[in-house]
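Me: I would like a close look at a single part of this structure, worked through step by step. Please take the part I ask about below and connect it to what lies around it.

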Amino acid sequence: MSGVAGVVLAAGSSVRMGRNKLLLELGGETVVRRAVRIARAAALDPVVVVTGHQREAVEAELHDLQCSAVFNGEHALGQHTSVRAGVAALDRDCAAAIVILADMPFVTAGMLRTIADRHAETGAPLVVSHYGGDTMAPPILYARRLFPELTRVDRQCGRQVVQRHRAEAVVVDWPREAMRDLDRPSDYSDARRELGGARTARAESPLAGSAAHE
(Lines give C-alpha, C1' and ligand atoms only; values in the text may rest on other atoms or scores of the structure.)
Protein backbone atom coordinates (compact mmCIF):
# COMPACT_ATOMS: atom_id res chain seq x y z
CA MET A 1 0.00 0.00 0.00
CA SER A 2 0.99 3.60 -0.50
CA GLY A 3 1.17 6.36 2.08
CA VAL A 4 -1.24 8.46 4.06
CA ALA A 5 -4.11 10.35 2.48
CA GLY A 6 -5.67 13.59 3.67
CA VAL A 7 -9.45 13.99 3.91
CA VAL A 8 -10.26 17.68 4.29
CA LEU A 9 -13.81 18.34 5.47
CA ALA A 10 -15.09 21.52 3.79
CA ALA A 11 -18.83 20.99 3.39
CA GLY A 12 -20.47 22.89 6.25
CA SER A 13 -22.90 25.78 6.05
CA SER A 14 -21.07 28.16 8.45
CA VAL A 15 -24.33 29.08 10.20
CA ARG A 16 -22.68 30.65 13.26
CA MET A 17 -20.25 32.66 11.12
CA GLY A 18 -23.07 34.12 9.04
CA ARG A 19 -21.14 33.67 5.78
CA ASN A 20 -19.07 30.90 4.26
CA LYS A 21 -16.01 30.77 6.49
CA LEU A 22 -14.11 28.63 4.01
CA LEU A 23 -14.00 31.56 1.60
CA LEU A 24 -12.71 34.06 4.16
CA GLU A 25 -9.12 35.22 3.77
CA LEU A 26 -6.27 34.43 6.14
CA GLY A 27 -2.74 35.48 5.33
CA GLY A 28 -3.49 36.16 1.69
CA GLU A 29 -5.44 32.99 0.88
CA THR A 30 -8.84 31.55 1.66
CA VAL A 31 -9.38 29.26 4.62
CA VAL A 32 -10.11 26.22 2.46
CA ARG A 33 -7.10 26.83 0.22
CA ARG A 34 -4.89 27.15 3.29
CA ALA A 35 -6.09 23.81 4.67
CA VAL A 36 -5.44 21.97 1.40
CA ARG A 37 -2.06 23.62 0.87
CA ILE A 38 -0.93 22.56 4.34
CA ALA A 39 -2.13 19.00 3.74
CA ARG A 40 -0.08 18.90 0.56
CA ALA A 41 2.93 20.43 2.33
CA ALA A 42 2.74 17.52 4.80
CA ALA A 43 3.13 15.14 1.83
CA LEU A 44 -0.33 13.64 2.29
CA ASP A 45 -1.30 11.91 -0.92
CA PRO A 46 -3.94 11.88 -2.20
CA VAL A 47 -5.76 14.85 -0.70
CA VAL A 48 -9.54 14.60 -0.98
CA VAL A 49 -11.65 17.66 -0.20
CA VAL A 50 -15.27 17.02 0.74
CA THR A 51 -17.46 19.92 -0.36
CA GLY A 52 -21.13 20.69 0.15
CA HIS A 53 -22.43 24.19 0.88
CA GLN A 54 -21.58 26.56 -2.01
CA ARG A 55 -19.55 23.82 -3.61
CA GLU A 56 -18.81 25.73 -6.81
CA ALA A 57 -17.19 28.64 -4.99
CA VAL A 58 -15.25 26.36 -2.65
CA GLU A 59 -14.01 24.09 -5.43
CA ALA A 60 -12.97 27.13 -7.50
CA GLU A 61 -10.46 27.96 -4.78
CA LEU A 62 -8.74 24.61 -5.36
CA HIS A 63 -8.46 24.58 -9.13
CA ASP A 64 -4.66 24.74 -9.22
CA LEU A 65 -3.91 22.57 -6.19
CA GLN A 66 -3.15 18.86 -6.30
CA CYS A 67 -6.33 17.54 -4.76
CA SER A 68 -9.67 16.11 -5.76
CA ALA A 69 -13.08 17.34 -4.68
CA VAL A 70 -15.93 15.06 -3.65
CA PHE A 71 -19.39 16.56 -3.28
CA ASN A 72 -21.42 15.45 -0.27
CA GLY A 73 -25.07 16.03 -1.04
CA GLU A 74 -25.97 14.98 2.50
CA HIS A 75 -23.74 17.47 4.29
CA ALA A 76 -26.68 19.08 6.10
CA LEU A 77 -27.21 15.80 7.98
CA GLY A 78 -23.91 16.11 9.83
CA GLN A 79 -20.16 15.87 9.66
CA HIS A 80 -20.24 12.08 9.70
CA THR A 81 -21.65 12.11 6.15
CA SER A 82 -18.61 14.06 4.97
CA VAL A 83 -16.23 11.65 6.68
CA ARG A 84 -18.03 8.80 4.96
CA ALA A 85 -17.91 10.49 1.55
CA GLY A 86 -14.23 11.34 1.86
CA VAL A 87 -13.11 7.91 3.03
CA ALA A 88 -15.24 6.19 0.39
CA ALA A 89 -13.49 8.24 -2.31
CA LEU A 90 -10.01 7.00 -1.41
CA ASP A 91 -8.35 4.44 -3.60
CA ARG A 92 -7.44 1.02 -2.34
CA ASP A 93 -3.75 1.79 -2.13
CA CYS A 94 -4.05 4.22 0.79
CA ALA A 95 -2.61 2.77 3.97
CA ALA A 96 -4.35 5.33 6.18
CA ALA A 97 -6.12 8.68 6.12
CA ILE A 98 -5.91 11.78 8.27
CA VAL A 99 -9.26 13.51 8.70
CA ILE A 100 -8.75 17.28 8.80
CA LEU A 101 -11.21 20.08 9.48
CA ALA A 102 -10.73 22.94 7.03
CA ASP A 103 -11.73 25.51 9.64
CA MET A 104 -8.80 24.76 12.00
CA PRO A 105 -6.22 27.21 10.60
CA PHE A 106 -3.67 26.66 13.38
CA VAL A 107 -3.09 23.05 12.37
CA THR A 108 0.25 22.98 10.57
CA ALA A 109 2.00 20.76 8.07
CA GLY A 110 4.42 19.77 10.84
CA MET A 111 1.55 18.49 12.95
CA LEU A 112 0.12 16.45 10.09
CA ARG A 113 3.51 15.02 9.21
CA THR A 114 4.13 14.02 12.82
CA ILE A 115 0.80 12.19 12.94
CA ALA A 116 1.63 10.30 9.74
CA ASP A 117 5.11 9.48 11.02
CA ARG A 118 3.76 8.12 14.31
CA HIS A 119 1.55 5.75 12.36
CA ALA A 120 4.49 4.61 10.23
CA GLU A 121 6.69 4.09 13.29
CA THR A 122 4.17 2.21 15.42
CA GLY A 123 1.69 0.64 13.02
CA ALA A 124 -1.09 1.92 15.27
CA PRO A 125 -4.54 1.87 13.65
CA LEU A 126 -5.34 5.22 15.26
CA VAL A 127 -3.29 8.33 15.92
CA VAL A 128 -5.29 10.90 17.83
CA SER A 129 -4.57 14.53 18.63
CA HIS A 130 -4.87 15.80 22.19
CA TYR A 131 -4.77 19.51 22.95
CA GLY A 132 -3.62 20.83 26.29
CA GLY A 133 -3.32 17.26 27.50
CA ASP A 134 -7.01 16.46 27.85
CA THR A 135 -9.09 17.42 24.78
CA MET A 136 -9.31 15.21 21.72
CA ALA A 137 -10.02 16.81 18.35
CA PRO A 138 -8.95 16.45 14.71
CA PRO A 139 -6.74 15.84 12.92
CA ILE A 140 -7.06 12.10 13.55
CA LEU A 141 -5.44 9.31 11.57
CA TYR A 142 -7.38 6.12 10.79
CA ALA A 143 -5.67 3.08 9.30
CA ARG A 144 -7.30 1.39 6.33
CA ARG A 145 -8.71 -1.46 8.39
CA LEU A 146 -10.92 1.07 10.17
CA PHE A 147 -12.36 2.55 6.96
CA PRO A 148 -15.41 0.23 6.91
CA GLU A 149 -16.35 1.47 10.39
CA LEU A 150 -16.05 5.09 9.30
CA THR A 151 -18.41 4.63 6.39
CA ARG A 152 -21.33 3.49 8.50
CA VAL A 153 -24.30 5.86 8.59
CA ASP A 154 -24.02 6.91 12.22
CA ARG A 155 -23.75 10.47 13.50
CA GLN A 156 -21.24 9.43 16.14
CA CYS A 157 -19.30 7.03 13.92
CA GLY A 158 -15.92 8.76 14.22
CA ARG A 159 -16.12 9.06 18.00
CA GLN A 160 -17.30 5.48 18.32
CA VAL A 161 -14.42 4.21 16.21
CA VAL A 162 -11.98 6.01 18.49
CA GLN A 163 -13.66 4.59 21.59
CA ARG A 164 -13.62 1.05 20.24
CA HIS A 165 -9.94 1.19 19.37
CA ARG A 166 -8.71 3.53 22.10
CA ALA A 167 -6.43 0.89 23.62
CA GLU A 168 -4.57 0.61 20.31
CA ALA A 169 -4.25 4.33 19.69
CA VAL A 170 -1.16 6.52 19.76
CA VAL A 171 -1.73 9.98 21.25
CA VAL A 172 0.09 13.08 20.02
CA ASP A 173 -0.08 16.15 22.26
CA TRP A 174 -0.38 19.69 20.90
CA PRO A 175 -0.70 23.09 22.56
CA ARG A 176 -4.30 24.00 23.29
CA GLU A 177 -3.94 27.08 21.06
CA ALA A 178 -3.57 24.86 18.00
CA MET A 179 -7.15 23.60 18.43
CA ARG A 180 -8.75 26.97 17.71
CA ASP A 181 -11.30 26.91 14.92
CA LEU A 182 -13.45 29.41 13.06
CA ASP A 183 -17.02 29.26 14.29
CA ARG A 184 -17.94 32.89 14.95
CA PRO A 185 -16.91 36.29 13.57
CA SER A 186 -14.77 36.91 16.67
CA ASP A 187 -12.81 33.72 15.95
CA TYR A 188 -12.07 34.96 12.47
CA SER A 189 -11.02 38.39 13.71
CA ASP A 190 -8.61 36.81 16.18
CA ALA A 191 -7.16 34.44 13.57
CA ARG A 192 -6.76 37.20 11.03
CA ARG A 193 -4.77 39.30 13.48
CA GLU A 194 -2.45 36.39 14.16
CA LEU A 195 -2.15 34.86 10.69
CA GLY A 196 -2.07 37.99 8.58
CA GLY A 197 0.89 38.66 6.31
CA ALA A 198 2.64 36.84 3.49
CA ARG A 199 0.83 33.94 1.93
CA THR A 200 3.36 31.26 2.79
CA ALA A 201 4.90 32.74 5.91
CA ARG A 202 2.76 30.66 8.24
CA ALA A 203 2.89 27.27 6.54
CA GLU A 204 4.99 26.26 9.54
CA SER A 205 4.05 28.36 12.56
CA PRO A 206 5.97 28.46 15.84
CA LEU A 207 3.45 25.91 17.11
CA ALA A 208 4.73 23.41 14.57
CA GLY A 209 8.29 23.87 15.69
CA SER A 210 7.47 23.34 19.36
CA ALA A 211 4.90 20.57 19.05
CA ALA A 212 5.86 18.54 16.04
CA HIS A 213 8.81 16.95 17.78
CA GLU A 214 7.28 16.29 21.20
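Leaving aside its neighbours within four places in sequence, which residues is Leu-44 in contact with?

Reply: This is a predicted model, and what follows should be read with that in mind. Once the neighbours within four places in sequence are set aside, Leu-44 is in contact with Val-4, Ala-5 and Gly-6, with Ala-39, and with Ile-98, Ile-100 and Leu-112. Several of these names return when the surroundings are examined.

The first setting is the largest nonpolar core, which has 69 residues, and Leu-44 is among the members that touch the most others, together with Val-8, Leu-90, Ile-98, Leu-112, Tyr-131 and Tyr-142. Two of the partners of Leu-44, Ile-98 and Leu-112, are thus also in that group. As a general matter, nonpolar side chains in soluble globular proteins tend to be buried together.

The second setting is empty space. The structure holds one cavity of 30 Å³ or more, and the volume of the largest cavity is about 80 Å³. Its lining includes Ala-39, Ile-100 and Leu-112, each of which is also in contact with Leu-44. The other lining residues are Val-31, Arg-34, Ala-35, Ile-38, Leu-101, Ala-102, Met-104, Pro-105 and Val-107. Helix H1 (31-41) and strand S6 (96-101) each supply at least two residues of this lining, and H1 gives the most, with five. By class, the lining divides into eleven nonpolar residues, no polar ones and one charged residue.

One lining residue, Pro-105, leads on to Tyr-188, for the two are 83 residues apart in sequence and 9.9 Å apart in space, C-alpha to C-alpha. Tyr-188 lies in helix H7 (residues 185-195) and has a relative accessible area of 8%, so it counts as buried. Beyond its neighbours within four places in sequence, Tyr-188 is in contact with Met-17, Arg-19, Leu-24, Glu-25, Leu-26 and Leu-182.

The partners Val-4, Ala-5 and Gly-6 of Leu-44 lead in another direction, to strand S1 (4-10), which, like helix H3, supplies at least two residues of the lining of the largest pocket. That pocket has a volume of about 530 Å³, and of its 22 lining residues the closest to its centre are Gly-12, Ser-13, Lys-21, Gln-79 and Asp-103. The pocket lining has ten nonpolar, seven polar and five charged residues. As for H3 (residues 79-88), eight of its ten residues are buried, so this helix is largely enclosed by the rest of the structure.

Methods:
Residues are numbered from 1 along each chain as its sequence is written. This is a predicted model: local features need pLDDT of at least 70, side-chain atom pairs count only at pLDDT 80 or more; totals for chains, interfaces and linings use all residues. Side-chain values use heavy atoms; hydrogens and water are left out. Buried means under 20% relative accessible area, exposed over 50%, partly exposed in between (1.4 Å probe, protein chains only). Helices (H or I, at least four residues) and strands (E, at least two) are DSSP runs, numbered from the N terminus. A nonpolar core is a set of buried Ala, Val, Leu, Ile, Met, Phe, Trp, Tyr and Cys residues joined through side-chain atoms within 4.5 Å. Contact means heavy atoms within 4.5 Å. On a 1 Å grid over the protein atoms alone, a cavity is a set of points where a 1.4 Å probe fits but cannot get out, and a pocket is an open set with protein on both sides within 12 Å along at least five of seven lines; lining residues have an atom within 4 Å of a point. Grid points are joined across faces, edges and corners, and a volume is the space filled by probe spheres set on the points. Ala, Val, Leu, Ile, Met, Phe, Trp, Tyr, Cys and Pro count as nonpolar, Asp, Glu, Lys and Arg as charged, and the others, Gly among them, as polar.
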